[in-house]
Amino acid sequence: MKLNIKNETGRLKSVVLGQPNSMGAVPTLEESYDAKSYYTIEHNMYPKEADIINEMNAFEAVLKKYDVEVLRPEIIKDYNQVFARDVAFVIDDKMIISNVIADRADEQGAYKKVFEKVAWRKIINLPETAHIEGGDVIVWDDFLFIGTCFSEDYRSYKTARTNEYAIEILKEYFPKKRIIDLELKKNDKVPYEGILHLDCTFNPVGKDKCIIYKDGFVDESDYNLIIDIFGEENCFHVTAEEMFEMFPNIFSISPEIVVSDKAFTRMNNHLRNEWGMAVEEIPYREISKMGGLLRCSTMPLVRE
């Protein structure tokens with residue numbers, strides 16, 4: 001397979017979609033590793049496996065409608081494998097194997113058949129102390145936006161997934177990219193007060209537009225930089241409640257076609273009526289209760 005990911009919206013040809021089968025028991029509060037899951041466990045709202053399967057089947061059906069090759073990881077018994085984005089990610093023609101948090105380390109073995117499709121010289125394995133996950137990495141032509149946490153308390157946050165060392169290594173591998181690090185607010189227990197990954201607060205769509213939540217960034221200057229790059233008129237701003245519901249985390253099949261949660265009425269109408277996009281609406285409310293949505297569920301391999 002010849003990997004090719006130059007941006008978030010090029011016409012999708014091949015993607016890995018996460019695996020909803022054999023999720024196992026509902027985690028305890030201590031076992032949760034993001035604020036949204038903590039919230040839903042605490043409020044007895046954690047999703048049922050059958051509902052997760054139905055939602056992911058609906059997503060797969062839309063992808064196949066547009067002739068996208070859909071690969072799936074092998075099933076690990078009693079293990080949450082929904083969020084494929086964080087296991088590995090592609091920049092240009094290289095696949096970077098993430099150093100995920102210890103709670104999710106076993107997931108990578110289920111992607112063996114996917115990794116075997118990629119030439120070994122195109123796979124980058126990072127040093128053990130370089131932490132990064134695909135949800136924090138947004139490829140946008142010459143830009144590489146990376147969400148991170150520079151806090152001295154980095155090691156104490158379960159939701160701090162990408163560190164400065166990993167960013168420095170990516171600069172060495174992709175010297176021609178303009179790499180922009182964006183520090184995200186972190187909170188392990190209150191989803192309104194922290195951002196798990198960059199794609200939960202910022203996501204490009206179309207050819208020159210984006211969805212953004214202003215208060216997800218530690219420094220307002222980072223938000224202002226994105227506005228300068230995309231232009232105020234090309235940015236759809238979401239509220240705190242919409243960020244909590246995961247509005248930014250939709251998924252592009254092409255510059256003209258996005259897959260979105262059918263509950264996102266205000267944004268979906270804007271994408272259609274103001275930006276002229278086709279919006280494929282599917283139910284994804286249950287999966288959102290685990291701290292991720294459509295982009296998180298995918299690992300794009302090839303885009304035109």
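Biologist: In the hairpin of β3 and β4, which residue takes a positive phi?

Modeller: In this predicted model, the hairpin of β3 and β4 has two residues between the strands. Four bridges join β3 to strand β4, residues 94-97, and the two run antiparallel. The residue of this hairpin that takes a positive phi, near 55°, is D92.

Biologist: Which residue in β4 does V90 stand opposite?

Modeller: In general, the strands of a sheet pair through backbone hydrogen bonds, and they do so in either a parallel or an antiparallel way. For β3 and β4 the pairing is antiparallel, with four bridges joining them. Within β4, the residue that stands opposite V90 is M95.

Biologist: Which strands stand at the edges of the open sheet with the order β3-β4-β5?

Modeller: This open sheet has three strands with mixed pairing. Each edge strand has a single partner strand, so one side of it is left without a neighbour in the sheet. Neighbouring strands here are turned by 25° against each other on average, direction ignored. The strands at the edges are β3 (88-91) and β5 (123-125).

Biologist: Do β4 and β5 run parallel or antiparallel?

Modeller: One position that illustrates this pair is I97, which stands opposite N125 in β5. Three bridges join β4 to β5, and the direction in which these strands run is parallel.

Biologist: In the open sheet with the order β2-β1-β15, which strands have a single partner strand?

Modeller: This open sheet also has three strands and mixed pairing, and its neighbouring strands are turned by 20° against each other on average, direction ignored. Strand β1, residues 12-17, pairs with β2 in the parallel sense over three bridges, and the bridge partner of S14 in β2 is E69. The strands with a single partner stand at the edges, so one side of each is left without a neighbour in the sheet, and they are β2 (69-71) and β15 (298-303).

Biologist: Which helix lies across β1, β2 and β15?

Modeller: The helix in question covers residues 49-65 and runs at about 165° to β1. Its name is α2.

Biologist: Why does L144 count as buried?

Modeller: L144 is found in strand β7, which covers residues 143-148. Leaving aside its neighbours within four places in sequence, L144 is in contact with several residues, including I91, V137, I180 and R178. A residue counts as buried when its relative accessible area is under 20%, and L144 therefore counts as buried because its relative accessibility is 0%.

Biologist: What distance separates the C-alpha atoms of L144 and K6?

Modeller: Along the chain, L144 and K6 are 138 residues apart. In space, the separation of their C-alpha atoms is 9.8 Å.

Biologist: What volume does the largest pocket have?

Modeller: The largest pocket is lined by 31 residues, and M23, P27, Y33, Y46 and N80 are those that lie nearest its centre. By class, its lining has 14 nonpolar, seven polar and 10 charged residues. The volume of this pocket is about 560 Å³.

Biologist: Which elements give two or more residues to the lining of the largest cavity?

Modeller: The structure holds three cavities of 30 Å³ or more, and the largest cavity has a volume of about 130 Å³. Its lining is made of 13 residues, of which K36, P191, G194, L196 and M246 lie nearest the centre, and by class there are eight nonpolar, three polar and two charged residues. The elements that give two or more residues to this lining are α1 (35-42) and α6 (240-244).

Biologist: Which strands each supply at least two residues of the lining of the second largest cavity?

Modeller: The second largest cavity has a volume of about 90 Å³, and by class its lining has six nonpolar, two polar and three charged residues. Among the residues that line this cavity are F89, V90, V137 and V139. V90 is also the residue that stands opposite M95 in β4, while V137 is also in contact with L144. The strands that each supply at least two residues are β3 and β6 (137-140).

Note on methods. Residues are numbered from 1 along each chain as its sequence is written. This is a predicted model: local features need pLDDT of at least 70, side-chain atom pairs count only at pLDDT 80 or more; totals for chains, interfaces and linings use all residues. Side-chain values use heavy atoms; hydrogens and water are left out. Buried means under 20% relative accessible area, exposed over 50%, partly exposed in between (1.4 Å probe, protein chains only). Contact means heavy atoms within 4.5 Å. Two strands pair if DSSP finds at least two bridges between them. Axes are lines fitted to C-alpha atoms, for helices over the stretch in contact, and angles run from 0 to 180 degrees between N-to-C directions. On a 1 Å grid over the protein atoms alone, a cavity is a set of points where a 1.4 Å probe fits but cannot get out, and a pocket is an open set with protein on both sides within 12 Å along at least five of seven lines; lining residues have an atom within 4 Å of a point. Grid points are joined across faces, edges and corners, and a volume is the space filled by probe spheres set on the points. Ala, Val, Leu, Ile, Met, Phe, Trp, Tyr, Cys and Pro count as nonpolar, Asp, Glu, Lys and Arg as charged, and the others, Gly among them, as polar.
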